Structures are given as C-alpha cells and as structure tokens.
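Me: Got a minute to go through a structure with me? I'd like to talk about charges, backbone oddities and contacts.

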Amino acid sequence: MSETPNETTHVWCHKLRIAFFLSAMRHYRDALSASGCTVHYSELAADPADDLAQSFSQRIITDVQRLRPARLILAEPGDHRVRVEITETARTLGIKLDIRPDRTFLCSTEEFAVYAAGHKGLLLENFYRWMRKRHRILLDKNGSPIGGRWNFDKDNRGSFGRAGPGNIRAPAAFERDEITKRVCALVARRFADHPGSLDNLTLPVTRDQALLLLTDFLKYRLNEFGTYQDAMWTDQPFLFHSRLSAALNIKLISAREVIDATLAATSRRQLPPSSVEGFVRQILGWREFMRGVYWLLMPHYAERNSFDADRSLPAFYWNADTDMRCMQQCTQQVIDHAYAHHIQRLMVLGNFALLYGVRPLAFHEWHMAMYTDAIDWVSLPNAFGMSQHADGGVVGTKPYIASGNYINRMSNYCGSCRYDPKKSVGNDACPFSTLYWDFMDRHRENLQSNPRMRYPLKAFEAKTPTELTQIRTQAARIRERVAEQRVSLARPEAEIRSGQCTPREGKTGR
C-alpha cells in the first residue's frame with residue numbers, strides 16, 4: 001500500500017479528502033498487520049523532499065526490485081488513469097499483471113458490457129429493473145415489484161415548506177483517534193495551500209465505524225429520506241441523507257451489505273416504499289450504472305463536450321465568495337465538509353456550471369478535488385455526464401438545467417438572497433434565471449431534438465425579441481462579472497487548476 005504524492009495533487013485535493021483517505025488506509029494497514037498479514041506500506045513524508053516515490057509506477061518499480069515477485073496482483077482500480085499507469089509499468093518491468101474484479105459491486109464491468117451489448121441504448125431505469133430482477137431485490141414471489149411500482153421517484157421530491165425540516169437528530173460522527181490526529185497534522189503542514197478545512201473530519205475511517213453509520217441512517221433517517229431527498233435548507237448540510245458514499249467508495253462496506261441491511265430494517269418495521277426503493281435505487285441502480293458506463297466508454301468518454309463549453313470554473317467554487325445565496329451555501333458546505341448531497345451537486349453547483357458554460361472536464365476535476373467520496377469512476381459520469389450533459393445523453397436523457405424557481409421551490413435559500421428567482425432581467429434578477437433562458441437561446445438547435453425539452457422550449461419561444469435581447473445583455477454582464485474574480489492561491493499550478501483541466505497521464509487522450 002502506498003501513500004503516493006501524485007494522488008494528492010493530480011487534482012487540487014481538499015484537505016479533508018486527503019486526510020480521509022490516508023486515515024482509512026492506515027487503519028486498514030494496522031488491521032491487516034494485526035490479523036497476521038505482512039504489509040509493505042509507504043507513508044508520505046512530512047517533507048516532500050523525503051518521499052521515496054512520487055507515483056504508483058515509481059513505487060512499484062522500487063518494490064519489484066526489492067521483493068522480486070513472480071507477478072503483480074491488483075484489485076480493479078477506480079480510475080482509468082491509474083489502471084493505465086500500472087499496466088504500462090508492469091509491461092515495462094516485464095512482469096505479469098493479474099487484475100482481479102472488484103467484488104464490492106453487484107455488477108462486474110464484464111457483465112455490464114454484456115448487458116450494454118444486448119440492449120438498444122443505455123437507460124438507467126431499464127438497467128435498474130434488470131438489476132432488481134437479477135438479484136431478486138424488492139420483488140414479490142411472482143417477480144413483481146413490491147408496492148406495485150418499479151420506481152417511486154415522483155414521491156422523492158418533497159420540500160420542507162416554510163416550517164423547515166424541524167429538529168433533526170445530529171448525524172453519527174466519529175472522533176479522531178491517534179492515527180487520524182497524526183494524519184491531520186501531516187495534511188495541515190504539508191498541504192496547507194490546498195482548499196478546504198480539516199475541522200469536520202467525522203466520517204468513518206474503519207469498517208466498524210462504517211457499519212455504525214449505516215445503522216444510524218437506517219434507524220434515524222431512512223424513514224424521511226424518501227420524501228425529502230431532493231430538499232435543501234440553509235445551514236443543514238446532511239438532513240436525512242446517509243453520507244455512506246465515501247465509505248462505500250473506499251470499500252469499507254459493500255453495496256450488497258448496505259442493501260441487505262436496508263431490506264432487513266424494512267422487515268423489522270414499516271418504512272415508506274418511497275424511502276426504501278429510493279435508497280436502493282441509488283445503490284443498486286445509479287451507482288452500478290455509473291461505474292458500468294465509465295469502464296465501458298473510457299477513455300474517449302472524457303473527450304466529449306456536447307455543448308462546446310469552454311469557460312473557466314468560477315473562482316467562487318473554491319472560496320464561496322459570491323452573493324448568490326444558494327451558491328454561497330453549497331460551496332461553503334463543500335469547503336467545510338467536502339460534501340454536498342445529490343441535489344445540491346446537480347441542481348445548484350452543476351446547474352450553474354452548465355448554464356454558465358464551464359468546460360466539463362474542469363468541472364469534473366473540481367468535483368474530484370473537493371469531495372471525500374470522489375473516485376474517477378463515479379465522478380466523471382456523474383459530474384461530466386449527468387450534471388454537465390457533456391456526453392450528449394449517455395447518462396441523462398436531458399440536460400439538468402433549471403431557473404432559480406426550482407431552487408426556490410426546493411429550498412429556503414432564495415428567501416435571504418438579494419436576487420429574485422422570478423426575474424431574469426434587472427438589477428435583482430437571479431443569475432440562474434437569466435442564464436437558463438440564455439442557455440436555451442444559445443443551444444436551441446441542439447435541444448430541439450430532445451423530446452424531454454419540448455415544454456421548456458415552448459416557454460422559451462414565447463419570449464419576445466425585446467426580452468431575448470435583454471436576457472442576452474444581462475447574461476453577458478453576468479459572465480463578465482464572474483470572470484473578473486480570481487482565486488488567490490499559493491502556487492501557479494493551483495491557479496491553473498481553478499479553471500483548466502489538468503494534463504492526464506497515460507495514453508488516454510484526456
């Protein structure tokens with residue numbers, strides 16, 4: 001196992017993300033050693049000049065020379081870049097490389113490829129139903145969906161109303177032990193110029209802690225999760241969400257364990273079908289689908305840009321310095337917790353980037369840098385495909401764009417904002433609303449072939465020429481104002497990362 005410098009800097013990683021990974025790795029190392037395994041482990045040095053290797057390839061070359069193995073055995077990595085790097089290293093060394101399947105998933109990459117070849121087009125809902133049938137999950141004895149419906153998505157869109165979410169039990173949090181304290185001290189010292197804060201490292205870093213977090217979610221949050229999974233509220237980063245994605249993605253627990261525990265909780269007490277099915281859909285459907293798409297279409301998937309977006313990522317994604325209340329709340333939450341739930345990611349942070357015209361790969365690299373649960377296999381199709389629609393419809397059947405009215409309906413952010421979500425022109429016009437209509441204007445031809453955009457386009461076509469001229473003028477002013485902002489960083493390459501995708505290693509064309 002290797003704490004490799006390049007993996008902390010190939011994107012400008014959030015301090016919490018680095019600390020979370022390193023703490024979990026060191027805890028796992030110690031657990032393996034306690035069980036009798038011999039572990040060859042390389043820690044990051046306090047001083048970068050003392051690192052023994054900068055990359056996985058350098059570390060492997062050193063260890064092969066020292067240990068003289070007959071072959072290398074590797075669990076499937078979560079990043080195409082890493083797979084290319086290790087494969088080419090093994091080839092250079094002339095040593096056999098055996099890549100083993102990742103058994104924490106329910107659909108292997110080979111099985112997904114067979115599924116894709118046998119189906120016309122890739123549609124998440126069809127794949128999800130196939131997985132339900134294949135694994136006999138939430139089906140009655142006749143093979144029909146429990147509750148009479150395959151999908152309760154329409155019941156997953158509740159908002160809190162003026163009363164708000166009320167008193168929500170504080171989420172399970174895990175105190176730092178000595179290992180985590182040492183890791184945080186290292187990160188604070190060595191990665192001081194990286195974004196984010198280390199104040200809120202409360203995620204599980206061991207398997208036992210991950211199981212406790214799962215139990216906490218099932219007992220105290222799952223009941224309300226279904227209704228309010230799309231809702232947002234000021235200064236409430238977690239609400240009824242599980243926060244299990246980070247533990248799942250670094251393999252402290254498996255998808256099968258999470259689903260089995262959820263079904264067992266359902267058998268013990270009556271839970272709303274919208275909550276149970278909605279949560280299972282995220283694990284069994286969405287998560288497995290994203291991974292399948294990633295490995296099926298890489299590396300050329302990352303080269304797509306269906307809207308030819310080419311703008312740099314706005315500075316406020318890194319520092320939360322914006323007067324848009326929704327963006328300030330969500331970006332500050334990411335800075336503080338390296339976390340945002342799926343609607344904040346998709347319909348606030350991703351929505352603005354798409355409407356503004358951010359280069360998709362730049363948005364993906366920010367996503368990779370700033371979230372504890374970000375692994376390339378999930379971040380790329382999620383941020384690049386679903387959020388930015390850069391893949392032209394592989395992951396999502398339509399662009400996920402909305403005006404400020406959607407954010408106003410699903411949150412209380414707009415109530416304390418200087419902008420009016422109902423206005424698209426004027427001094428108090430909401431930038432989301434302005435850029436929404438401007439996006440429709442700029443990409444009308446591209447959108448006309450999408451049947452799911454029929455009604456939004458009809459609303460757009462009702463705009464008068466005078467209204468469109470005003471919207472275009474206002475949108476240009478917004479872009480000028482946003483582009484004037486800069487990120488103040490300690491090193492030049494980090495400033496490049498704030499708006500440009502970083503070069504990729506390996507022969508991937510990325």
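Me: Where does Gln 282 sit?
Reply: Gln 282 is in helix 12. Helices here are DSSP runs of H or I with at least four residues, strands are runs of E with at least two, and both are numbered from the N terminus. Before we go on: this is a predicted model, where local features need pLDDT of at least 70, side-chain atom pairs count only at pLDDT 80 or more, and totals for chains, interfaces and linings use all residues. Residues are numbered from 1 along each chain as its sequence is written, and side-chain values use heavy atoms, with hydrogens and water left out.

Me: Is Gln 282 buried, exposed or partly exposed?
Reply: Gln 282 counts as partly exposed, at 24% relative accessibility. Buried means under 20% relative accessible area, exposed over 50%, and partly exposed in between, with a 1.4 Å probe and protein chains only. The areas come from the Shrake-Rupley method, and for residues only the protein chains shown count as cover.

Me: How far is Gln 282 from Arg 182?
Reply: They are 34 Å apart in space, C-alpha to C-alpha, and 100 residues apart in sequence.

Me: And what about Gly 78 and Trp 377, how far apart are those C-alpha atoms?
Reply: The C-alpha atoms of Gly 78 and Trp 377 are separated by 5.5 Å, with their positions 299 residues apart along the chain. Gly 78 belongs to the loop between strand 1 and helix 4, and it is partly exposed at 22% relative accessibility.

Me: Switching to charges. How many salt bridges does the structure hold?
Reply: It holds 30. A salt bridge here is a side-chain nitrogen of Lys or Arg within 4 Å of a carboxyl oxygen of Asp or Glu.

Me: Which residue pairs with Arg 291?
Reply: Glu 76 does, with an N to O distance of 2.9 Å. Arg 291 is in helix 12 (residues 273–297) and Glu 76 in the loop between strand 1 (71–75) and helix 4 (80–93), so this pair ties together parts that are 215 residues apart in sequence.

Me: Are those two buried or exposed?
Reply: Both Arg 291 and Glu 76 are buried.

Me: What does Asp 79 pair with?
Reply: Asp 79 meets Arg 81 in a salt bridge, 3.2 Å from N to O. Asp 79 is buried, with a relative accessible area of 6%, and Arg 81 is buried too, at 5%.

Me: What about Asp 98, who's its partner?
Reply: That's Arg 100, with the closest N and O atoms 2.9 Å apart. Asp 98 is buried at 18% relative accessible area, whereas Arg 100 is partly exposed at 37%. Elsewhere, Glu 3, Arg 26, Arg 29, Asp 30 and Glu 43 are joined into one network by salt bridges that share partners.

Me: Okay, so which side chain of opposite charge is nearest to Lys 15?
Reply: Asp 193, but it is 7.0 Å away, and Lys 15 is buried with no salt bridge. For the signs, Lys and Arg count as positive and Asp and Glu as negative, while His and the chain ends are not counted. Lys 15 is in helix 2 (residues 15–34).

Me: What does the Lys 15 side chain reach, then?
Reply: The backbone oxygen of His 194, at 2.4 Å. A polar atom of the Lys 15 side chain also lies 3.2 Å from the backbone oxygen of Gly 196. A polar contact means a pair of N or O atoms within 3.5 Å; within protein, one must be able to donate a hydrogen and the other to accept it, and residues adjacent in sequence count only if both atoms are side-chain atoms.

Me: Now the backbone. Which peptide bond is cis, around Pro 299?
Reply: The one from Met 298 to Pro 299, with omega near 5°. Pro 299 lies in the loop between helix 12 and helix 13 (316–319).

Me: What's the phi of Asp 308?
Reply: Phi of Asp 308 is positive, about 50°, although the residue is not a glycine. Asp 308 lies in the loop between helix 12 and helix 13 and counts as exposed, at 62% relative accessibility.

Me: And phi of Ala 320?
Reply: Near 65°, a positive value in a residue other than glycine. Ala 320 is in the loop between helix 13 and helix 14 (325–337), and it is buried with a relative accessible area of 7%.
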